[in-house]
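Me: I would like to go through this model step by step, beginning with its overall make-up and then turning to some local details of the backbone.

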Amino acid sequence: MKKFYSVLALLFFGLGYGQITNNLLLEYKCNGNADDSSGNNYNATVHGATLAPDRNGNPNSAYYFDGVDDYIEFPNLAALKPQLPVSFAFWVRYDSTDWQDQTVFSTSEEDDRAAGIWFNSTASGAKFAVNYGDGSQSYTSGTRRTFVADTVIDTNNWYHLVVVVKGPTDMHIYVNCDEFQGNYSGSGGPLVYSTFPGVIGRHDRSIGGPPDFFKGYIDDFRYWDREVLPEEVFGLCQTVPPPVFAINQGCAGDAYLLTAVPDQTVPPGTVYSWTGPNNFTASGNPIDITGLPIGTYTVTATLPGNIVVTQSVQVTSNTFCNIPSFTITQGCVGADYVLTVVPNPSVPPQMVFSWTGPADFSATGDSIIITGLPAGDYVLTVDLGNGFSVTQSVAVANTICAFPSFTISQGCVDAAYLLNVVPNQSFPDGTVYSWTGPNNFTASGNPIDITGLPIGTYTVTATLPGNIVVTESVQVTSNTFCNIPSFTITQGCVGADYVLTVVPAPSVPPQMVFSWTGPADFSATGDSIIITGLPAGNYVLTVDLGNGFSVTQSVAVANTTCALPLFTISQGCFDEKYLLTATPVAPDTSVSTYTWTGPDSFFAIGNPVDITGLATGTYAVAASLPDNLTVTQSVTVAATSCRIPKGISPDDDQNNTFDLSGFDVKWVKIFNRYGMKVYEMDGYVNQWRGQDDSGHELPGATYYYQVQLASGEIRTGWVYLLRRK
C-alpha cells in the first residue's frame, strides 16, 4: 500500500469533494435522481435501482441495487467511450460476499463480449479488480487486461474508490485515499468498445450465461477521459476540515508530559514534531520534558496528505515532578579535603553547582577542595537548568588531612606469588585497594595473586573512608612462578602430517610464547608444529613464560614420515536422528577413538554421532590410530533436522518453507483438504512455500502430504499453511 498525499491536499480540504472538473465526462451525485452534474447533461436511465441513504445517513442520496436485475444505464454516446487514459471515482458499499454480486460498472456492457472497461472482484479472495477487453466474443485471459489490488473487500462498509486505467500494465486502484499494489494478468489486445452503452451495477462475464448484477449501494459516481493524478486523489475522498489540537501538560508518575489532544480522530500515520526553549526538538505524542526549561513549547502535527496543524503551550511549572535530591560527601582525598555532590540518578546534565561558605567563600563545580579553609556550614545551590533550583548544606568540622602510610610485601605463599599491603597503622573497615602493573594490569583487593605475571613495578592505591587516598609502589624482580610450570611434548601423525604438540600444565598462563629449534638449523614458533619429512633427532622447545623467565624441554624424534589410512563420512536421517558416521576405506583399519568437533564448540566422542537439531556447518572427526597416529576428515552439513514440519508461514523470515533438506527425498506431493493434488516435485529439498504447480499462492489451510524417500519409504501427514498477509 502506498500513500499519495501532498501539499495540494490542503486545497482539497477547503474545496471538499466535487471540485475536480477537468475532462469530467459525467457525474451522478445520486441526490434524488441519476442526472449528470458535470454540465454535459449525460443523464442516466435507472432500471430498478432505488434511492437510499448515503454513507452519512442522508436519505435519497445514494442508489441501492438488489443483485437481481437492477442497473443504471449511461447514454449510448461515442464521447463516453474514450481511449485511454480514463479515471473513475465513486463511493460503494458491498452487501454480498458473492463475487457475482460485486460488479460495480462497465463502460460498454454487451452480453457474451469482452468489451469496454469494467470494475468487479476476483472470484477467489474477493479482491478489487479493474479490467478492459479487446472486443472478442470470449471471456478468457487472452481477451482482457486485468489489475487486481492486494486488499480484500469487506462487506457492509463504505469504501471510496478511485480507479485509473492508463495501459495494460499501468492501472491504479486507490481505496480510501490509499493506493494498493497488486498483480497484472491477461494478454488481450487494445481497448475496444461495443455498440452498447455503459452501465452501473451490471456486467457479463460468461458466454451464454446471464450477466452479473451488483448488490449494495453506490454514490457519487464520476468518469473522466484523463488520468486523475495522485495528488488529486486525497481531495476526492476527504470531506471534513482538519482537526484542532489542544495541548495538555502535567505529571504522569515521575514524568512531566506534554500531550497533543485533537478535537476529532486523526488518521493513522499522523506525525508529531515538537520544538521548545534552548533549541529543544522531539517527536511523538505525548513527549516527556522532565527537567527541561520552562517556556513556550510548540507541536506541529502533520497528517496524511501533508496537512499541517500547529499549536503552542506555555509551560510555567517546575518540570521536575519529583524535585531532585543531593547528598554532599566530605573527607580527605590524599592531602586534600574535598566536598563532592552525589545527585540521584534522575538529575539532568545541564545542572550547575554553586557553593558559598565561611569568610565569603564561593566556588563552582560538583567537587571542590576546601583544604585549610574555616570550619562551618557550606551551602550548595544547584541550578536545575529549567528555571528552578534546590539548596543543600553540610557542616564541616575540620579541613586538615593527615593520612597513614604502608609498605608492600611480596613472595610465595604455597604456590601463589602474592603482593600484600602492610599499613603502619590499622586501616578502618571499608578501605578499598586498587592495583596497577605491567602490560595494563589491574586488580582489586588485598592481598593479590600475580603468579606468572611479568616482573616490573606494581602500584596500589588504598582509598580509606572519607575519600582518604594513599598510594605506594613495589618493584618485582623474582620469577612469579613459585612452582616452575612443566610441559609435555607429544609427537605423532595427524593425517599425513607429523606433528609436535605442547601440552602445558593447567596452571600455565595464556601469555606464554613457544619457540623451537632442531636438526639442520630448524626453527619454528607455536604450540603445535609440523615437521613432516624433516631430519630425525632432538627438537628443543623454549617456553617464554611471559613474566621475564623461560623453561626448556626437548624430545627425540626417530621418524617424521606418515602413511595414513583414508576415511569417508556419511550423513543423513536414521529413525528421526541426523547421524554422522566415519567409515575407514580399508575395513581392517584399527581405530581406538573417534573425536568429533563442529560449530558452536560442538565436541563428541564415538561413532556414529547424533547432531539432530544442532548448527549446520563443517564437522570434523579425528580418528586415533596405533603409534600415536591421527587421521582427520571433515564434512559440510547443510541440515540437521529429521522431523517433517507441522506447519509453514511463507510471510515470516523463519519457518517459511516445507524444509525436507535433512532427508534424501525422491518426490513430494501436496493435496488440499478435498483430496485434489495442488503441488508435486521430484528431487524435492525445500521448494514449497505455499504455491500450487502454477506458482500461484494457495490459501491458508491444512494440506495433506505424501513424501517418498530414496529408500522407497513413503511418509504421509498433514502440514498447516499460515498466511499473515
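Me: How many helices and strands does the secondary structure of the chain come to?
Reply: The model is a predicted one, and its secondary structure is counted over the chain. That count comes to 2 helices and 59 strands.

Me: What radius of gyration does the chain have, set against a compact globule of 725 residues?
Reply: The C-alpha atoms fill a box of roughly 110 × 100 × 40 Å along the principal axes. For a compact globule of 725 residues one would expect a radius of gyration near 27 Å, but the value for the chain is 43 Å.

Me: How many residues of helix α2 are buried?
Reply: Helix α2 spans residues 230-237 and is mostly covered. Among its buried residues are E232, V233 and F234, and the buried count for the 8 residues of the helix is 7.

Me: Is C30 buried or exposed?
Reply: C30, in the loop between β2 (24-28) and β3 (45-47), has a positive phi of about 65 degrees although it is not a glycine. Buried means under 20% relative accessible area. Because C30 has 4% relative accessibility, it counts as buried.

Me: Which residue is joined to P608 by a cis peptide bond?
Reply: Most peptide bonds are trans. P608 lies in the loop between β51 (602-605) and β52 (609-610), and the bond leading to P608 has omega near 0 degrees, which is cis. The residue on the other side of that bond is N607.

Terms used:
Residues are numbered from 1 along each chain as its sequence is written. This is a predicted model: local features need pLDDT of at least 70, side-chain atom pairs count only at pLDDT 80 or more; totals for chains, interfaces and linings use all residues. Side-chain values use heavy atoms; hydrogens and water are left out. Helices (H or I, at least four residues) and strands (E, at least two) are DSSP runs, numbered from the N terminus. The radius of gyration is taken over C-alpha atoms; the globule rule is 2.2 Å times the number of residues to the power 0.38. Buried means under 20% relative accessible area, exposed over 50%, partly exposed in between (1.4 Å probe, protein chains only).
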